[in-house]
Every structure is written in structure tokens, then in C-alpha cells.
Amino acid sequence: MAAEPAPAAPDTYTGGLRRVARVVLLDPQDRILLLHGHEPDDPGTDWWFTPGGGVEGDETREQAALRELAEETGITDVELGPVLWRRRCSFPFAGCRWDQDEWYYLARTTQTATAATALTELERRSVAGARWWTCPELLRARETVYPTKLAGLLRTLLDEGPPAAPVTLDTEIVR
């Protein structure tokens, strides 16, 4: 008998500054995994972004990063590394403004097959899939990618390794 999928987490954002953990997940070929998202009622308004989401209850950001990665991609065989970048951002999504304090963790995996296992209702309506990107593909991309300077950040990461301390990125406000 097949196991039942895990219940989806509730959509809990109600405004204010949201604490977020994101994952810069690299495979053995140094490809980065990005999710393809869009407005729930407008698939034509789309973008690519790193896996991750809001910290729940008393969990740490590290715990949130691993939980979100598992829920959104099914990938659990990861080595979570240091915080690479920190960023504040604000953007409209699903009829409200989201204000976030994001921490981006480096992670490595050999597990490249993805399957969302516990998306929220909002995520089911707005996440269209996942794709592994090489750095050259990301540098050439014409699609919208968040954070907007991700291609250059990835190039620096691959060339120089993780920073000695987290780098604070410019605040990004999407109108």
C-alpha cells in the first residue's frame, strides 16, 4: 500500500516582516536548482527563485531551510552549509505585499530528481516546477530570477567559494 502524501502546510503569512530561509542548492556539476513560480491567477507573470520559505513556530532558520527544501523538492539528502547572503525584499504576490528578511544557505546534494511533497494550497496554485541551471545558462537567462543578481552571485560563489561571513545584498523592492 502506498504511503499517503504528507499534509500540506497552511498558508500562514499575515503581513509584517517574514523570516525566511532559502537554499542555494548545488548538484555535483555545480548546477543550481530553481523553482518556477507565477501569480496564482496569472501564469503569464512568472519568475524563477531558490527553494525556501518562512520560518514556522520555534524552528531555526536551518531547520526551516531543510523542511522547505524537502516540501518543495522532495530532496532530503543534502549537506547544509553556511549562510551566503542576507537580503530584505518586498513584493506583491497573491493579492498582498510580502516583506521578507531572507537568509540564503549553501547546500550540496547528489539527489537531482525533484518531486514536491507538501506544498501549501497557495504553492500548488503558483509553483509550476523546478529546473537545474548551469551558471552560463543563468547568466544568459532572459527570464526573471530572484534575487535579481543571482547569476553574478553564483559565478562569484563558484569562483571564490563561500564568503567568510554572510554578504548583505541590496534591498529589493518589486512594485
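Which residues are buried in H1? Let us take that helix as the way into this predicted model, and then move out to the strands and the whole chain.

## Helix H1

The buried residues of H1 are Arg61, Ala64, Ala65, Arg67, Glu68, Leu69, Ala70, Glu71, Glu72 and Thr73. That makes 10 of the 13 residues in the helix, so H1 is mostly covered, with buried meaning under 20% relative accessible area. The helix runs over residues 61-73 and reaches 18 Å from its first C-alpha to its last, close to the 18 Å expected at 1.5 Å a residue. Right after the helix comes Gly74, which has a positive phi near 80°.

What do the buried residues of H1 pack against? Five strands and a helix take part: E1 (17-26), E2 (32-39), E4 (52-54), E5 (78-93), E6 (96-109) and helix H2 (121-126).

## Strand E5 and its partners

Strand E5, one of the elements that the buried residues of H1 pack against, is a good place to look next. E5 pairs with E6 in the antiparallel sense, over 13 bridges. The two strands form a hairpin with 2 residues between them, and Ala94 in the turn has a positive phi of about 55°.

E5 also has parallel partners. With strand E9 (residues 167-168) it shares 2 bridges, and the two run parallel; here Trp85 has Val167 as its bridge partner. Strand E10 (residues 172-173) likewise runs parallel to E5 and is joined to it by 2 bridges. Cys89 is worth finding in the viewer: its bridge partner in E10 is Glu172, while in E6 it stands opposite Gln100.

## The chain as a whole

How many helices and strands does the chain have? Its secondary structure comes to 4 helices and 10 strands, and from the N terminus on the elements run β-β-β-β-α-β-β-α-β-α-β-α-β-β. The radius of gyration is 15 Å, close to the 16 Å that the globule rule gives for 175 residues, so the chain is as compact as a globular protein of that length. The C-alpha trace spans about 45 × 40 × 35 Å along its principal axes.

Contacts and surface complete the picture. Among contacts between residues at least 6 apart in sequence, 71% join residues at least 24 apart. Of the 175 residues, 43% count as buried. The accessible surface of the chain comes to about 9,300 Å², and 51% of that belongs to carbon and sulfur atoms.

Notes:
Residues numbered from 1 in each chain as written. Predicted model: local features only at pLDDT ≥ 70, side-chain atom pairs only at ≥ 80, totals over all residues. Heavy atoms only, no water. Expected span 1.5 Å × (residues − 1). Buried < 20%, exposed > 50% of the residue type's maximum accessible area, 1.4 Å probe, protein only. Contact = heavy atoms within 4.5 Å. Pairing = 2+ DSSP bridges. Rg over C-alpha atoms; globule rule 2.2 N^0.38 Å. Areas by Shrake-Rupley, 256 points an atom, 1.4 Å probe, with all protein chains shown as cover.
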